[in-house]
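User: I am new to this structure and would like a close look at one part, the place where the two chains meet. Please go on from there to whatever is connected with that part.

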Protein chains: 2
Amino acid sequence: MLRARALPATLWRALVGSPLETQRLQYEKLTKVKGLAVFGADPLSSNAYATEEILRVLVLMGSAGVALTIPVSLAIVGLLVVVAVSYYQTIHAYPSGGGAYVVARENLGMGPALVAAAALLVDYVLTVAVSTSAAVAAITSAFPTLFRFRVELAVATVALVTVVNLRGVRESGTVFSIPTYFYIFTFGGMLALGLWSALTGELPPAPPSPDPGAAVHPFSLFLVLRAFASGSTALTGIEAVSNGVQEFYPPQARNASRVLVGMVVMLGTFFLSVSYLAHHLGITPTETETVVSQIARRVLGDSWMYYLVQLGTALILFLAANTAYAGFPRLASILARDRYLPRQLANLGDRLVFANGILVLGAAAVLLILLFHADTHSLIPLYMIGVFVTFTVSQAGMVRRWLVQRPPAWKLRMPVSAIGAVVTAAVTVVVAVAKFAEGAWITLAVMPLLVSFMKAIHRHYEDLKQQLSLERAKLPRPFRAHKVIVPVNNVHRGILEALRYAKAVSDDVTAVYVEIEPGSREEIERKWERWVPDIPLVVLPSPYRSVVGPILLYLDQVQREAGPDTALTVVLPEFVPRKWWHHLLHNQTALMLKFALLFRQRRLRRYKVLADVPYYLTR
Amino acid sequence: MLRARALPATLWRALVGSPLETQRLQYEKLTKVKGLAVFGADPLSSNAYATEEILRVLVLMGSAGVALTIPVSLAIVGLLVVVAVSYYQTIHAYPSGGGAYVVARENLGMGPALVAAAALLVDYVLTVAVSTSAAVAAITSAFPTLFRFRVELAVATVALVTVVNLRGVRESGTVFSIPTYFYIFTFGGMLALGLWSALTGELPPAPPSPDPGAAVHPFSLFLVLRAFASGSTALTGIEAVSNGVQEFYPPQARNASRVLVGMVVMLGTFFLSVSYLAHHLGITPTETETVVSQIARRVLGDSWMYYLVQLGTALILFLAANTAYAGFPRLASILARDRYLPRQLANLGDRLVFANGILVLGAAAVLLILLFHADTHSLIPLYMIGVFVTFTVSQAGMVRRWLVQRPPAWKLRMPVSAIGAVVTAAVTVVVAVAKFAEGAWITLAVMPLLVSFMKAIHRHYEDLKQQLSLERAKLPRPFRAHKVIVPVNNVHRGILEALRYAKAVSDDVTAVYVEIEPGSREEIERKWERWVPDIPLVVLPSPYRSVVGPILLYLDQVQREAGPDTALTVVLPEFVPRKWWHHLLHNQTALMLKFALLFRQRRLRRYKVLADVPYYLTR
């Protein structure tokens, strides 16, 4: 986290606000209504793009393909039910929160747990990138003139959400309820009206395609599978509620699982309705307007209600992006505490949020948005792999748990989880194959990198712990003596100050002078005799005019003669100019000596202590 | 100068060779023949471009303009004689070397001296840039396919000359004689042959211009003046010998002045010959072939002799560039000793050369070559201002000297210098006006900047001297006590090592722990009691989870209570990882504390001494 002072600090404070005391840290408890708002935003918002993903594949096969929209959607809803039932069990098994990482760590060991962790970290980043891009698409569908600014809009949105989260979002439940329920009512209302009009015939079905031969590809099972894989993006986010069981009012598991059920029912209904209307109205995906926007425009006309629906869609998508800002930093801090990520990620910042995690998430999402030009469709293949790997590992963990713990009715529960695991594993394979070239390869490449990166970090921390450990350690033998060496280049006030300090910390002080200009020793010896006759001055020759070399050799010699029981301090007189550019006007011998000593010590693995005595210039 | 160790150091050694001992520093004495080679390269080489500069202006007026080539050249030779006579006097007045800076400093004071210094510094850089560009032009005239690589060739040449000079050029006199005399014989021979052929009619004169109306401009006195100003570039470098009088065998002044005379005669003859032949042969400047190359091609045909002439021209121009590598670092070191430039420029490097000055010169020349695409013609306006300001200040200094010292025959000598001063001042004004927009403005802007920069540096060094001065200084009162504070975050081997050191340097050691996680104090206090019960541990609360803030406040409080007669040392335990990226895995609290302390001390102008106790990790 940024802790610098001065100008950067001032800017930082202005952005995130003043520090908060640790004792203000407490969690709000969620009712079911608020819980649906908090955990429902991510899954419900995927309605904004899931049907469109199916259509984008099916249209390749012409009207014969598009005819499959409803069957493919039904298959996806089936998958949704399987996964939801499985998570229903997870919620009851882990009332304190059962994210994929926790479930895998407990039941499958660290290897699968790290795979789940990598998949989740990637997912959170993609949740931000995809949801923000889709939100911007909802806006630019309504206001096409904004289309060419979509990348800028998306980046600005991520920046805003990042800053808001750095400040700390306190009143989450209540604040989140507004956009979620606004979306549910506007979007749900539009769908209901659309279905009514379609069934009553007010909204005429699509005319038969004017060009039935427009198929780019012949009908193929592979493309149907690809459509199914693409549409499965509807499932993204349904796992969130299993992470946050402890945030509900008790009985926590019951409340959380009811929210899950409500959420899944609503998600399934919305999804099927969108698919039905898209098919009924013969809507085809375009570059600049979303399928959902086209449906809303047909149902509502270009009225103010249409704009409300688009606003609702954009709002819930922003909220979905915001969800990742809770999940990513929390998971990163758990991984950091388990020593699999840099420990800076485990620190609660001064606003009581994991500021470093928030910053990493925001930066990664911005990078993806820039790379993929804020195009939802290009980002989704990257997203899906992470989502379904998470599902699979999580369900597999549950299977293992039922087998080992054998609680009541485990023979009933295990198959549910097993079916979930097998189905999601199958979908993972389908996505990996069908969407490999479209971007899934990126996630498939990044995940193992992340895992080995986390393992390397862990190894370092373990090594460190062992090396610093006090087990079998003895108190180091005290030093018997303390020798101080003061390199000097002259006699002036700064030098006198350094010698004053040296005399205060040791009775054994020696000054060393390197004679660069032959004959200069006489002058310094004269001054020395006058000002500090009580401190011995050693003059070192330097035939090659190096200052640092002779001092290093001298220090090595002193160390050798004094032996390991003598502490050796090098006191460096330094004057500190008032203006930064004045530094350029000095020889920087002190700095060079410092670096040379550090470098040499590192090689020799012996240390001398460096003490800087600054002398402050006033002009 | 670069003094870093490890890889950079290895590269540096490979480039410049091993260090040389100070006692090897001695100067070779020059005979007249060698002196002409050393000091003649710069002025003689200007023949490669001086006539071309005149023609480039005169052709603008068509054939009426070109007809003025000879008169304008004669006027320039007149100027050359005036300046040369004036420098003849300078050589005798300053047998130990009378560069413009020295003459001005002694006779006119620091203001004009700094102007001369700035002009000279700019000049040296332009000598390198112009001579190298002209040398490359000589080569690309002979081999036109190389023309598009001229910038790369010029930059590579400057880099090579820089490295050679960093190694130190020892055998200058002998080595320089070869290219200089090679040039004198090949170029002089070509001119003699050309003149003979022209006079005997073997080389027919130019046919009357086929397009007499091709004048871009009507005849104007301003353009004639501009041609004169442009051609005066022939004079560049004639001052060099007055800088180096002490390098000659005794009688030094006599030898040096004879070399000056020989040089001026040769320069004048060559210059007039080139101008005559160019006019006789009706040669007009082109973008890709120099005027001199065109003359040589006409005189010698496309024979091997033509290539020898081009080679000779290129060689003497390289040598001219090399001359600046002696002058610039020497002048910079004099200015640095006078405290007008950073003192790093005064250091003799380990190869007994002023390495920093050489590097600055090379870098500045490369910058100019890149900015002006290695185009001699574009660079010359920048060059001229510096050259003529130097001449003017130097002659004015001599005038003042005659007036003040009144040596025998001063009434005769003063007017010579005065005429020189007035004429060169007039040329400076002409150049400034006639070539302002072509680039002279750059030099006119840079020079005052350089002067005020040098003054600011001087002010800083003077301030520093006063602040560090021991005049009226008293020995600072010795410290009565020494307190050590050790910030700790745990108890481990690194901490024990730091405490061991702390106990060796003081009897008054206190450890401080900042309690970030409420309740963590119990654990550290338990460990503390077991391992280091003899050292008091202060636990600081940190409601805002900052480590640095509470420690800073605590240190301030300790300092206040202890009073000014107690030395206060902060001992920082640090562990040093083996791999650089491991640094990223640590909280860097020690580093942040260090920066915060430095920043705070700087503001409060009070100091605490920081002592790092490193603990070296082995894995």
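Analyst: The contact takes 67 residues from chain B and 67 residues from chain A, in what is a predicted model. On the side of chain B that touches chain A, the elements giving two or more residues are helix 18 (436-468), helix 19 (493-505), strand 4 (566-576), helix 22 (589-604) and strand 5 (609-616) of chain B. Helix 19 of chain B supplies the largest share of that side, nine residues. By class, the residues on the side of chain B that touches chain A are 37 nonpolar, 15 polar and 15 charged.

The two copies are related by a rotation. A turn of 180° with a shift of 0.1 Å along the axis lays chain B on chain A with an RMSD of 0.2 Å. That is the relation of a two-fold axis. The same surface serves both copies, since 100% of the contact residues of chain B recur in chain A. Which residue of chain B comes closest to the rotation axis? It is Ala611(B), with its C-alpha at 2.2 Å.

Strand 5 takes part in pairing across the two chains. Strand 5 (residues 609-616) of chain A and strand 5 of chain B pair in the antiparallel sense, over three bridges. Within strand 5 of chain B, Asp612(B) stands opposite Leu610(A).

This pairing belongs to an open sheet of ten strands, in the order 3(A)-2(A)-1(A)-4(A)-5(A)-5(B)-4(B)-1(B)-2(B)-3(B), with mixed pairing. The edge strands are strand 3 (537-541) of chain A and strand 3 (537-541) of chain B, each of which pairs on one side only. On average, neighbouring strands of this sheet are turned by 25° against each other, direction ignored. Towards the edge in chain A, strand 2 (residues 508-515) of chain A and strand 3 of chain A pair in the parallel sense over five bridges. Ala511(A) stands opposite Leu537(A), a residue of strand 3 of chain A.

Helix 19 (residues 493-505) of chain A packs on the sheet. In chain A, helix 19 touches strand 1 (481-488), strand 2, strand 4 (566-576) and strand 5. In chain B, the strands touched by helix 19 of chain A are strand 1 (481-488), strand 4 and strand 5. The direction of helix 19 of chain A makes about 155° with that of strand 4 of chain A.

Elsewhere in the chains, helices pack on helices. Two packed helices are described by the angle between their axes and the distance between the axes.

In chain A, the axes of helix 6 (residues 100-107) and helix 7 (residues 110-142) come within 7 Å and cross at roughly 170°. Helix 6 of chain A and helix 7 of chain A are therefore roughly antiparallel to each other. The residues that meet are Ala100(A), Tyr101(A), Ala104(A) and Arg105(A) in helix 6 of chain A, and Met110(A), Pro112(A), Ala113(A), Ala116(A), Ala117(A) and Leu120(A) in helix 7 of chain A. This contact has nine nonpolar residues, no polar and one charged.

In chain B, helix 6 (residues 100-107) also packs against helix 16 (residues 376-405): their axes come within 8 Å and cross at roughly 40°. That angle makes helix 6 of chain B oblique to helix 16 of chain B, and the crossing is left-handed. Helix 6 of chain B contributes Ala100(B), Val103(B), Ala104(B) and Asn107(B) to the contact, while the residues from helix 16 of chain B include Thr390(B), Val393(B), Gly397(B) and Arg401(B). The contact has five nonpolar, four polar and two charged residues.

Ahead of helix 16 of chain B, the loop between helix 15 (355-371) and helix 16 holds His373(B). Phi of His373(B) is near 50°, a positive value in a residue other than glycine.

Back in chain A, the axes of helix 3 (residues 50-58) and helix 12 (residues 252-280) come within 9 Å and cross at roughly 40°. Helix 3 of chain A and helix 12 of chain A are therefore oblique to each other, and their crossing is right-handed. The loop between helix 11 (240-243) and helix 12 of chain A contains Pro251(A). The peptide bond from Pro250(A) to Pro251(A) is cis, with omega near -5°. In chain B, a cis peptide bond joins Pro250(B) and Pro251(B), with omega about -5°.

Key: Residues are numbered from 1 along each chain as its sequence is written. Chains are lettered from A and ligands numbered from 1 in the order in which they are written. This is a predicted model: local features need pLDDT of at least 70, side-chain atom pairs count only at pLDDT 80 or more; totals for chains, interfaces and linings use all residues. Copies are superposed by least squares on the C-alpha atoms of residues with pLDDT of at least 70 in both. Two residues are in contact if their C-beta atoms, placed from the backbone, lie within 7 Å. Helices (H or I, at least four residues) and strands (E, at least two) are DSSP runs, numbered from the N terminus. Ala, Val, Leu, Ile, Met, Phe, Trp, Tyr, Cys and Pro count as nonpolar, Asp, Glu, Lys and Arg as charged, and the others, Gly among them, as polar. Two strands pair if DSSP finds at least two bridges between them. Axes are lines fitted to C-alpha atoms, for helices over the stretch in contact, and angles run from 0 to 180 degrees between N-to-C directions. Angles under 35 degrees count as roughly parallel, over 145 as roughly antiparallel, 65 to 115 as roughly perpendicular and the rest as oblique. A crossing is left-handed if the near helix is turned anticlockwise from the far one by less than a right angle, and right-handed if clockwise.
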